[in-house]
Protein chains: 2
Amino acid sequence: MICTDKNCFSPETVRRLAVYLQNFERLIKNGVDVVSSGQISKLLNVSPEQFRKDLSYFGEFGKRGVGYQTESLVYELKKILGLNQAWQVALVGVGRLGCALLNSQDFSELNVRITAAFDSDKKNIDKTVNGIHIHDIINFKKIIKQKKIRICVISVPLDHAQAVTDLAVESGIEAILNFAPVILNVPENIHVSNMDIYCELERLIFFLNK
Amino acid sequence: MICTDKNCFSPETVRRLAVYLQNFERLIKNGVDVVSSGQISKLLNVSPEQFRKDLSYFGEFGKRGVGYQTESLVYELKKILGLNQAWQVALVGVGRLGCALLNSQDFSELNVRITAAFDSDKKNIDKTVNGIHIHDIINFKKIIKQKKIRICVISVPLDHAQAVTDLAVESGIEAILNFAPVILNVPENIHVSNMDIYCELERLIFFLNK
DNA sequence: ATAACTTTGTTAATTATTTCACAAAATATA
DNA sequence: TATATTTTGTGAAATAATTAACAAAGTTAT
Ligand SMILES: NC(=O)c1ccc[n+]([C@@H]2O[C@H](COP(=O)([O-])OP(=O)(O)OC[C@H]3O[C@@H](n4cnc5c(N)ncnc54)[C@H](O)[C@@H]3O)[C@@H](O)[C@H]2O)c1
Ligand SMILES: NC(=O)c1ccc[n+]([C@@H]2O[C@H](COP(=O)([O-])OP(=O)(O)OC[C@H]3O[C@@H](n4cnc5c(N)ncnc54)[C@H](O)[C@@H]3O)[C@@H](O)[C@H]2O)c1
């Protein structure tokens, strides 16, 4: 539950909206003009009611008897998610994972992009990966303020993650995507999302044991 | 809700159990012998009641007036999650991300390990990354059957992910950890977990707009 | 133009998950 | 030994999220 209204959307709704956007963009590429919630349901493993309800929290985007126009829904979803403006992202830790992240950046994805990378190792500093300059972590605060960056990806080793987090918070970062397998300690107003591959594998293993 | 009982645990409970395990292992390393749910709460941003209830679905592991012994809780959590046996994992797609995954394997993590890697590119086949041999994807089914592997990580490009998934399912794989930004179509009995960095970034951006 | 379909948007009902509240158990203190 | 303190484990209550049901709106066929 995100707002305090009686009838409001869940954090899961937001996660699903991002999935909808991604898939509607693909539908456009595939030449699909209009889809119904029923078709979406089969494509995305989400019930048609769920899909319609998720959208209904933000407005009326479909046409009864017809469905949803892919073009206009992409526009609306971007507006809802705040992707009608460009978002710069910082990355700290240009090791194996960090490098993979930088290299796999899809430059057709215009709205969200890692534009500043940082490392503490002399071997990496001032190198360029996929066109992105690697700065000395020493200059993190200065560059974050300068570029007005609000989001940071952390891919440093476990035992440096909290120190980097503290620096990020101190520098005005408001949201963190964390790959280190540790729960970060942050002030209440900072958003953190953890991506932990081993936890995820363990979750799958649990279900295999049933 | 996982079982059909009146009072049963949620999928989120399982995800948290994996986080508890990870952090209790760390506590042991740090020489901590006993912790209370209150202390855990501060460490992991989970309410003490949540922590206690999550465990209570599986048994009584604490000592009233005292707390939880780290050693014995790790043992119990491993048993609950099915990690008291070794799990072999396959990886398909040894590109940038796949390579990072192979290289970052921590060999002290004894229970879950990628032991077979596959690619379709001649340049990669029969090479070795961090001691793991890269097989031709052609031999996937044979090797999976041979090694009795039940879990597969997919890190191939978007437009190959469904084909690899179909091959995996056909080969008897029961759980998939998918990094490609696409919702995979699988039979009901196959477990899929998606890790999508861009969806996660977009979710964070949504909350920055509030 | 009307009737038969299709599909959305939304309220209400249901189901799921978390939080609360407190008894039971263990320990520490006096 | 008795009392105060701590902390667990757990039903009951509260909150949250999903699903169901259906009226409203649009389309297609006759
Ligand atoms: N590689 C993966 O596939 C993978 C998967 C899951 C999780 N992770 C996690 O992601 C993190 C990174 O993994 P990796 O394999 O890329 O490690 P890595 O050792 O290859 O890279 C870490 C990088 O961080 C830099 N670094 C260290 N301390 C720093 C600091 N204080 N400030 C700035 N930079 C700093 C190092 O110089 C290095 O370049 C780890 O926490 C790991 O557990 C990685
Ligand atoms: N690199 C990242 O950090 C990152 C982050 C998020 C998501 N992803 C996703 O992970 C996937 C891989 O990304 P990447 O950057 O490593 O790509 P990549 O192109 O570097 O690597 C893909 C690898 O898959 C292999 N491959 C292709 N088709 C195959 C098939 N049918 N069978 C076996 N192997 C096959 C290729 O030969 C290549 O080695 C993509 O779907 C990407 O969107 C990557």
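In what order do the 7 strands of the open sheet in chain B run? They follow S5-S6-S4-S3-S7-S8-S9, and the pairing among them is mixed. Keep in mind as you read that this is a predicted model.

## The sheet of chain B

Let's begin at the edges. Strand S5 (128-129) and strand S9 (191-194) of chain B each have a single partner strand, so one side of each is left without a neighbour in the sheet. Helix H7(B) packs on this sheet, where it touches S3, S7 and strand S8 (175-178) of chain B. The direction of H7(B) makes about 170° with that of S7(B).

Two of the strands that H7(B) touches also pair with each other: strand S3 (residues 87-92) and strand S7 (residues 151-154) of chain B run in the parallel sense over 4 bridges. To find one of the partnerships in your viewer, look for Ala90(B), whose bridge partner in S7(B) is Cys152(B).

## Ligand 1

Which chains surround ligand 1? Residues from both A and B do, so the site is shared between chains. There are 24 residues around this ligand, and those that come nearest are Arg96(A), Leu97(A), Asp119(A), Val156(A) and Ile197(A). By class, the shell around ligand 1 holds 14 nonpolar, 7 polar and 3 charged residues.

Chain A offers backbone atoms to oxygen atoms of the ligand. A polar backbone atom of Arg96(A) is 3.0 Å from an oxygen atom of ligand 1, and a backbone N or O atom of Leu158(A) lies 3.4 Å from an oxygen atom of ligand 1. From chain B, the side chain of Ser104(B) has an N or O atom 3.3 Å from a nitrogen atom of ligand 1. Ligand 1 taken alone exposes 820 Å², of which the protein buries 83%. At least two shell residues come from each of H5 and helix H7 (158-170) of chain A and H5 of chain B; H7(A) gives the most, with 3 residues.

## Ligand 2

Ligand 2 also lies between chains A and B. Here the 24 surrounding residues include Arg96(B), Leu97(B), Asp119(B), Val156(B) and Ile197(B), which come nearest. The shell around ligand 2 divides into 14 nonpolar, 7 polar and 3 charged residues.

Where does chain A reach ligand 2 with polar atoms? A nitrogen atom of the ligand is 3.3 Å from a polar backbone atom of Ala100(A), and a nitrogen atom of ligand 2 is 3.3 Å from an N or O atom in the side chain of Ser104(A). Chain B contributes Leu158(B), with a backbone N or O atom 3.4 Å from an oxygen atom of ligand 2. The protein buries 83% of the 820 Å² that ligand 2 exposes when taken alone. Helix H5 (96-103) of chain A, helix H5 (96-103) of chain B and helix H7 (158-170) of chain B each supply at least two shell residues. H7(B), the helix that packs on the sheet, gives the most to this shell, with 3 residues.

## DNA strand C

Now to the DNA. Around DNA strand C there are 26 residues, the closest being Ser37(A), Arg52(A), Tyr68(A), Met1(B) and Arg64(B). Sugar and phosphate make up 68% of the atoms of this strand that come within 4 Å of the protein.

Three contacts involve phosphate oxygens of DNA strand C: a polar backbone atom of Phe61(A) at 3.1 Å, a polar side-chain atom of Tyr68(A) at 2.8 Å and a polar side-chain atom of Arg16(B) at 3.0 Å. Two or more residues of the nearby surface come from each of H3 of chain A, helix H1 (11-29) of chain B and H3 of chain B. H3(B) has the largest share, 4 residues. The surface near DNA strand C has 7 nonpolar, 8 polar and 11 charged residues.

## DNA strand D

DNA strand D has 27 residues around it, and Met1(A), Arg64(A), Ser37(B), Arg52(B) and Tyr68(B) come nearest. Of the strand's atoms within 4 Å of the protein, 69% belong to sugar or phosphate, and the rest to bases.

Chain B makes several polar contacts here. A polar side-chain atom of Tyr68(B) lies 2.7 Å from a phosphate oxygen of DNA strand D, while Phe61(B) places a backbone N or O atom 3.1 Å from a phosphate oxygen. The side chain of Glu60(B) has an N or O atom 3.2 Å from a sugar or linking oxygen of the strand. Helix H1 (11-29) and helix H3 (48-56) of chain A, with helix H3 (48-56) of chain B, give two or more residues to the nearby surface, and the largest share, 4 residues, comes from H3(A). The residues near DNA strand D divide into 7 nonpolar, 9 polar and 11 charged.

Key:
Residues numbered from 1 in each chain as written. Chains lettered and ligands numbered in written order. Predicted model: local features only at pLDDT ≥ 70, side-chain atom pairs only at ≥ 80, totals over all residues. Heavy atoms only, no water. Near = heavy atom within 4 Å. Polar contact = N/O pair within 3.5 Å; in protein donor to acceptor, adjacent residues only side chain to side chain. Areas by Shrake-Rupley, 256 points an atom, 1.4 Å probe, with all protein chains shown as cover. Nonpolar A, V, L, I, M, F, W, Y, C, P; charged D, E, K, R; others polar. Pairing = 2+ DSSP bridges. Contact = heavy atoms within 4.5 Å. Axes fitted to C-alpha atoms, helices over the stretch in contact; angles between N-to-C directions.
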